[in-house]
Each structure stands twice: as structure tokens, then as C-alpha cells.
Amino acid sequence: MLSEQELLRRQKREELMKMGIDPYPAEMFEVNVTAADIHKNYENDKLNYKSVAIAGRLMSFRIMGSASFVELQDSTGRIQLYFRRDDLCPGDDKTLYNTVFKKLLDIGDIIGVKGYVFTTQTGEVSIHVQEFKILNKSLKPLPVVKEADGKTYDGFTDPELRYRQRYVDLIVNPHVKDIFVKRAKIISTMRRIFDDKGWLEVETPILQPIHGGATARPFKTHHNTLDMPLYMRIANELYLKRLIVGGFDGVYEFGKMFRNEGMDRTHNPEFTSLEFYVAYKDYHWMMNITEEILEKVALAVHGTTKVQSWGNEIDFAGPYERLSIFEAIEKFTGVNVEGKTEEELIAQCKQWGIETDSTMGVAKLIDEIFGAKVEDNLIQPTFIIDYPVEMSPLTKKHRSKPGLVERFELFINGKEVANAYSELNDPIDQRERFEEQLRLAERGDEEAMAMDEDFIRSLEYGMPTTSGIGIGIDRLTMMLTDQTSIQEVLFFPQMRPEKKVEMATEADYVAQGVPAIWVPALQKMGFLTIEALKEANPNKVFNDLGGLRKKLKIDASMPKKEEVEAWIA
């Protein structure tokens, strides 16, 4: 079903083509300036703006007879254009202005213009257009977003539409672009830090024969030629550590991960993670460099380490507080759960109203307690360190605290942002940890790790003392751009299937007795199903057909009232 505006735009497209104007030309349009460049530099360098060429999307019209003002938006912002009929059409033929510009252009169309920059009597820097060219005829109208006195009215704000039609969101909500510019700045700043330290950016497999490197439920697929199952990676950790075995001192990867888990304001099944691994380092060193990285990122994005985020002022300058997971639980509950048995932890969970099930071992129970009682309190950047060995199957055992491992997670605004270890490099210990994960899987833990024999084999060749970390780029971006939903920092977040409008076919209407020529008119009235038609008021349908016959240019005599009543019976 096409709206009236969509039908009209299609008619304009046809009219342009009849006039010999291609609404979708193939040749390039050479641009030599941007809107932002003009606004920033024109007043101080007017001589360089006597001949400009710019292209963008038409966002508003003010047509005043033989002269008009238009607002054009390019990738950097908006600029006013001034069209004067006699400049565009110096001869007797005024078609280009009177017909093409005034009647056949719409908001949303993309044009290229050439002219010179000047300042209007009201003091607005503008472009006096001497020639223009249609570069794309838009067939769908943009949402009308009005601004007055610094306020936005009728904004394109429905999240369902914004995330599903991100291309429209970016056009009519310019502030959205700034989020993704900052996201790119976060990544480029990190990449520059790593490159300056001599670490190698690498790529590792996304399709993996064994899902490993994290405890999460994977997406599973099948490779037909090899006749074998494959998994979308839940982490790239085990491949990156293979490269440390191979002799690289430092490797990093910005990569997409995929976890077949729930969706909420901080989780998307496809997400971006940075992981890097450095030989001859430990988790103490990793905490120090994490502070350095985040401080530099905050400065690059905001020019300060203090950032407003989720109603809090977060200071990304180090040093950050460091608490063991047991210290953190005791700090916020008053209860020391260190050394408690599975049965004791279950009892404690029941006392606090925390749900448990039979698949949970000690590690899962402590993790549940921490999530329920501690996480929300960790607003300023905080390292939670020294986890129980059961919670960390890829982590080196603590050098001085039996039963614990050298691991930390970084929490900001109550959310985990990073996870890091002194990496386990003892192949015998690693095999035992994997075997424990297999026992958890047998109990029904769908997130338990699988045995990876090749990874163990790589450790048997020898991996030096190594520290590694994973940082969630999406969550970090949320915090550095003050966004409370992960969907806001992903160009195309995962969405439920779009609901399709139920519509009867032309044959369905004909079977009901409606001549095919009148079907578009009934659909235009909103009768998209036969059931809806049967509930219609025959008199109203008959009366409305007369007006639509002219509007839709239906070349047929009006049906009799008795015929219309028969359609609806």
C-alpha cells in the first residue's frame, strides 16, 4: 500500500524522466566543500568561497515566488541555499525553476549545487545557487521534525522505528550521528595506543569447531561440505593465546562475538569486544594499563576524564578501587561467603530471595550473589579481583591465595565492562579445568565450556606468562555517550521480525464481487482484508469512491449503490 505522498512522488519521478532528466544519474558530482567547512571558515576567508560545489539532502523549503530558500543537509550539518529564478534561468525558458525546482522536488531529495557563499541580510551564511542537479529522487517522505525556540516537535522518537530504520534516524536526528562518531573515536584511540606499543592487530575465526573462551550459550550452524557442526564464536580468546604461543609478544582484535542468550538494555546477541594479550605480563600490570587506556579514551572523546553518565559523574582517571569478590560481597551485605559449601550458599541465596537451580555449583552461586547484591553499587570504575577457581576455567591460580585465581572484572555504573586474567599456561591444569566444565555440562549447564584438545596441545608447546583482557566496546560506548540502552550505540541492533500487515489479494476482492479496477480505491480507504470490507458502511464506501475515482484517476464508470452493497454483503 502506497500513501498519497508516495504515489505523488512516483508521478514526479515519471515527469522528470519524460522531461529528459534522469532522477538517478550515474556520473559523479564533484564536491569541493562541506556545510561545516563553510560555517567554520567563511567569515575569515571569504575569497575561497566564490565558487563552491556541495551536495546533500533537501530538508526544508521556503518558496517565495521568483526566489526561494532551501535547507540542505550533508554529512557534516546543514546550510541554507538561496535559489533565484533569473539566475538559474537567465533566458525565456523558466522551466528549471518554475517546474523542476518548485513542483518536482521534495524534502528528502538529494541534489548537487554550484554557486558562491554570501551572508543574507539577516546574517545567515548561505549559498547563492547558480546551478543545481538532481542526484536522487526520494520516493518515501521523511518524518516531519519541527524545531522552534531550541525545542523539537513531532520528533522521530519511537525506538522500534528508529532502530529498525536507522537510515531515517540518522537523517532526521543529527545528534544520533555524534554517538557513532564517538564510538569510532573510542576504537581508533585504543588502536593507536596498541600500535604505538608495537602490538599486532589480528583476525581470528568467527566460525569455530568448538565454542570456547567464555561461558556462554553459542549459536550453532552446519557446514555442508565438511558435514560438521560449527559455532559462531562466543570469544576469540583461545585463538589469540595460540598466537602468543606462536611467538608474538602482543596481539589484539576488535571482533564481533555471538551469544545465544537473552536481550535487554545492555545485551545484544551480536556485540563487539576488544581482546588483547601481552606476553610476560600479569593481571596487576593489566589493571594499570586498563586505567591508562580508559583515561586516554575519555580524554580523546570528551577532553576530560570526568564524564556524565546515567545520572552519575564518572571519573575515568586512575587509580581505581580494587576489591576481591569476597570483600565486595561482604562490604555490601555484611556476610563473608568465602569458603562456604554449595549447600551453605544455596541456603544463603534462599535467605536473600535469590533464585537457584540444581545446575548451579559454587561458582554459579557466588556469581548470582554478586550480581544480586553488589553490581549495582559499583558506580565509579572498580576492579573486582581474585575470584574462586571454579568461576574461571582459563585463569592462572593465585600465587598466594589457595582456591582463588588471578582474575579481575572492571565494573562501571553497575555494569561489567572488562574481564581479565593472568592467563593459565599449565596444560595439565588446563585439562583438569576443562574436565570440570564437562561435569558441569553433564549437570545441565548450557554455558559450560567444551574440551579443546588443540588449545591444550598448543599450551604443551609452551606459552609464556601472559595477561589478557576483553573489553565490551558497546557497553563502554554507552557509558562514554550517556546512553542507557545498547540499541542506541549499535547501528543495527537485533530486532524481532517486523510485523507484516495482513492484506487480501486482488483475487480475494474479485471473488467477493469487486471489479479489479476498484481494488486500489478500497485499499486506499483502509479495507485491507475482506473481513474489514464486510464490516464497512455501504453508504460511506459508495460516497468515498466518487472522490477516490478522481484522485486515483480510475478510468471506469461509478458503480451503482446496489453493486457496492453487494460487495459488502
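Two strands count as paired if DSSP finds at least two bridges between them. Helices (H or I, at least four residues) and strands (E, at least two) are DSSP runs, numbered from the N terminus. We're working on a predicted model, where local features need pLDDT of at least 70, side-chain atom pairs count only at pLDDT 80 or more, and totals for chains, interfaces and linings use all residues. Residues are numbered from 1 along each chain as its sequence is written, and side-chain values use heavy atoms, with hydrogens and water left out.

**Exercise 1. Trace the open sheet and find its edges.**

Step 1: Walk across the eight strands; the order is S8-S12-S13-S20-S19-S18-S17-S16, with mixed pairing.

Step 2: Look at the two ends. S8 (200-201) and S16 (321-324) each have a single partner strand, so one side of each is left without a neighbour in the sheet.

Step 3: Add the helix. H10 (residues 325-333) packs on the sheet and touches S16, S17 (382-388) and S18, where contact means heavy atoms within 4.5 Å. Its direction makes about 95 degrees with that of S16. For that angle, axes are lines fitted to C-alpha atoms, for helices over the stretch in contact, and angles run from 0 to 180 degrees between N-to-C directions.

**Exercise 2. Work out how S20 sits between its partners S13 and S19.**

Step 1: Take the S13 side. Seven bridges join S13 (residues 270-279) to S20 in an antiparallel run, and Glu 275 stands opposite Gly 470 in S20.

Step 2: Take the S19 side. Here S19 and S20 pair in the antiparallel sense over five bridges, with Ser 467 in S20 as the bridge partner of Ser 422.

Step 3: Go one strand further. S18 (residues 404-412) and S19 (residues 415-422) run antiparallel and are joined by six bridges; Leu 410 stands opposite Ala 418 in S19.

Step 4: Check the cover. Six of the seven residues of S20 (residues 466-472) are buried, and buried means under 20% relative accessible area, exposed over 50%, partly exposed in between (1.4 Å probe, protein chains only).

**Exercise 3. Find the strands that close into a barrel.**

Step 1: Follow the order S1-S2-S3-S5-S4; these five strands close into a barrel with mixed pairing. The twist averages 50 degrees from one strand to the next.

Step 2: Zoom in on one pair. S4 (residues 110-119) and S5 (residues 125-136) are antiparallel over ten bridges, and the bridge partner of Phe 118 is Ser 126 in S5.

**Exercise 4. Is Lys 241 buried or exposed, and what does its side chain meet?**

Step 1: Locate Lys 241 in helix H8 (residues 237-245).

Step 2: Read off the accessibility. Lys 241 comes out at 0%, so it counts as buried.

Step 3: Look for a polar partner. The Lys 241 side chain makes a polar contact with the side chain of Glu 423 at 2.7 Å. A polar contact is a pair of N or O atoms within 3.5 Å; within protein, one must be able to donate a hydrogen and the other to accept it, and residues adjacent in sequence count only if both atoms are side-chain atoms.

Step 4: List the surroundings. Not counting residues up to four places away in sequence, Lys 241 touches Tyr 277, Leu 394, Glu 423, Phe 455 and Met 463.

**Exercise 5. Compare the settings of some salt bridges.**

Step 1: Fix the criterion: a side-chain nitrogen of Lys or Arg within 4 Å of a carboxyl oxygen of Asp or Glu. The whole structure has 39 such salt bridges.

Step 2: Try Arg 162 and Asp 169, whose closest N and O atoms are 3.0 Å apart. Arg 162 is buried at 7%, and Asp 169 is buried at 0%.

Step 3: Now take Arg 78 and Glu 71, at 3.2 Å. Arg 78 is partly exposed at 30%, and Glu 71 is partly exposed at 27%.

Step 4: Finish inside a helix. Asp 178 forms a salt bridge with Lys 182 at 3.2 Å; both lie in H7 (residues 174-196), four residues apart, about one turn of the helix. Leaving aside its neighbours within four places in sequence, Lys 182 is in contact with Val 301, His 302 and Thr 481.
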